[in-house]
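Student: I have a model on screen and a list of labels for it. Can we test each label against its criterion?

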Amino acid sequence: MKRFTFEVYTEGNSDVQNLSPQVAKHLRKIGGDGILHLFVVGSTAAITTLEYEPGLVKHDLAALMQKLIPDDATYQHEQTWNDDNGHSHLRSALLGPGVTIPFTDGKLLTGEYQQVVLVDFDTRPRKRVVIATVLN
Amino acid sequence: MKRFTFEVYTEGNSDVQNLSPQVAKHLRKIGGDGILHLFVVGSTAAITTLEYEPGLVKHDLAALMQKLIPDDATYQHEQTWNDDNGHSHLRSALLGPGVTIPFTDGKLLTGEYQQVVLVDFDTRPRKRVVIATVLN
Amino acid sequence: MKRFTFEVYTEGNSDVQNLSPQVAKHLRKIGGDGILHLFVVGSTAAITTLEYEPGLVKHDLAALMQKLIPDDATYQHEQTWNDDNGHSHLRSALLGPGVTIPFTDGKLLTGEYQQVVLVDFDTRPRKRVVIATVLN
């Protein structure tokens with residue numbers, strides 16, 4: 001088991017960050033075959049795979065989330081804490097906090113158009129911590 | 001590899017149960033660093049991470065699921081089995097049956113407001129079995 | 001760590017394929033206890049668990065996806081590539097590209113009505129590659 005941790009700066013509000021380049025750099029050094037698990041600490045962000053191209057990343061995913069879980073609906077969460085991010089928690093729970101990806105020869109076995117992305121649903125810019133665990 | 005199993009009693013109908021306390025107790029005994037995988041047996045429950053506070057847990061998640069996948073819509077599943085839980089299966093497939101969490105020194109590396117939760121979407125109280133696998 | 005790879009032929013358009021029989025055959029040969037991770041290569045398919053019965057598989061899951069993420073809505077993705085599968089990418093990101101399942105004595109610890117399924121959201125028949133990693 002090997003572990004590395006890295007930080008990701010986001011704009012919040014469904015900002016999508018491509019984790020694949022940074023992960024690839026680490027994995028090249030580790031080498032070999034196995035699985036990589038990525039986990040974002042916190043309850044208002046998520047990790048999944050998505051083609052990292054402007055249409056999906058800058059528009060479609062955010063528009064979908066706004067349709068399914070609007071930021072301006074009423075959430076009891078916001079009455080508990082007097083804050084504004086009930087939608088952020090629900091979106092994150094739906095997408096999930098992590099993903100596991102197989103690799104071989106130190107390279108992720110994702111498809112050509114399949115990147116690992118962090119989506120930040122909080123309502124402000126955040127510094128996120130991603131914990132990567134390698135099992136081989 | 002280490003494994004432990006535990007039972008969770010739910011009320012069904014989107015009841016959210018906090019697994020973090022029980023998991024923490026087991027992990028403290030196991031100690032060390034690694035990843036923990038949690039899996040709920042059955043096709044009408046799910047596991048994800050969520051802030052365990054009353055607004056989200058007692059209201060917002062259930063309200064969201066009722067909006068997206070209503071319990072009173074028509075599902076062909078219910079004609080196959082003559083039952084009433086088509087929505088339960090779909091909600092569970094969407095959230096997923098498990099989650100993987102990194103830990104260090106026998107402590108989950110979740111955020112302060114990020115708990116591991118089981119959501120039971122079945123239409124009646126259930127006893128659920130959660131299978132925990134520790135890799136380190 | 002052990003790995004095996006297999007191909008799945010799909011019809012696309014939310015076609016659901018049951019992976020459990022093929023996976024069970026491989027796991028029986030491997031035997032022992034551990035976890036199995038399944039990952040589908042590509043950004044327009046997903047893996048989750050679902051009861052594999054005709055109502056859910058041939059109708060309800062596809063109908064839900066069409067309601068939440070319609071294939072005939074406007075997606076910026078389709079302007080980037082001049083294609084027609086923006087909805088396929090979003091549905092896949094929501095369900096996720098993989099699942100992890102515990103096993104014991106070479107048998108998946110899924111419930112009686114809980115199968116591992118691949119859902120192909122692309123708009124045409126595809127040959128999919130599933131990468132299975134066994135850790136024990």
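Tutor: We will take the chain contacts, then the symmetry, then one sheet. Keep in mind that this is a predicted model.

Student: What makes residues of chain A and chain C count as in contact?

Tutor: The test is a distance: C-beta atoms, placed from the backbone, within 7 Å. By that test 29 residues of chain A are in contact with 26 residues of chain C. β3 (34-40), β4 (45-50), α2 (54-68) and β5 (98-104) of chain A each give two or more residues to this side. α2(A) gives the most, with 8 residues.

Student: How many residues on that side of chain A are nonpolar, polar and charged?

Tutor: The side of chain A that touches chain C divides into 14 nonpolar, 11 polar and 4 charged residues.

Student: Which elements of chain A supply the side that touches chain B?

Tutor: Here the contact takes 26 residues from chain A and 29 from chain B. At least two residues each come from β3, α3 (76-81), α4 (86-95), β5 and β8 (126-135) of chain A. α4(A) gives the most, with 5 residues. By class, this side of chain A has 12 nonpolar, 13 polar and 1 charged residues.

Student: How do you know that chains A and B are related as by a three-fold rotation axis?

Tutor: Look at the superposition. A rotation of 120 degrees, with 0.0 Å of shift along its axis, puts chain A on chain B at an RMSD of 0.0 Å. The two copies are therefore related as by a three-fold rotation axis. For chain A on chain C, the rotation is 120 degrees, the shift 0.0 Å and the RMSD 0.0 Å.

Student: What makes you say that the copies meet through different surfaces?

Tutor: Only 15% of the interface residues of chain A are also interface residues in chain B, so the surfaces differ. Against chain C, 14% of the contact residues of chain A recur, and again the copies use different surfaces.

Student: Now the sheet in chain B. Why are β1 and β6 of chain B called edge strands?

Tutor: Start with the order, β1-β8-β3-β5-β6 (chain B), an open sheet of 5 strands with antiparallel pairing. β1 (2-10) and β6 (107-108) of chain B each have a single partner strand, so one side of each is left without a neighbour in the sheet.

Student: How do you know that β3 and β5 of chain B pair?

Tutor: Pairing needs at least two bridges. β3 (residues 34-40) and β5 (residues 98-104) of chain B are joined by 6 bridges and run antiparallel. The criterion is met, so they pair. To see the register, find B:Phe39, which stands opposite B:Gly98 in β5(B).

Terms used: Residues are numbered from 1 along each chain as its sequence is written. Chains are lettered from A and ligands numbered from 1 in the order in which they are written. This is a predicted model: local features need pLDDT of at least 70, side-chain atom pairs count only at pLDDT 80 or more; totals for chains, interfaces and linings use all residues. Two residues are in contact if their C-beta atoms, placed from the backbone, lie within 7 Å. Helices (H or I, at least four residues) and strands (E, at least two) are DSSP runs, numbered from the N terminus. Ala, Val, Leu, Ile, Met, Phe, Trp, Tyr, Cys and Pro count as nonpolar, Asp, Glu, Lys and Arg as charged, and the others, Gly among them, as polar. Copies are superposed by least squares on the C-alpha atoms of residues with pLDDT of at least 70 in both.
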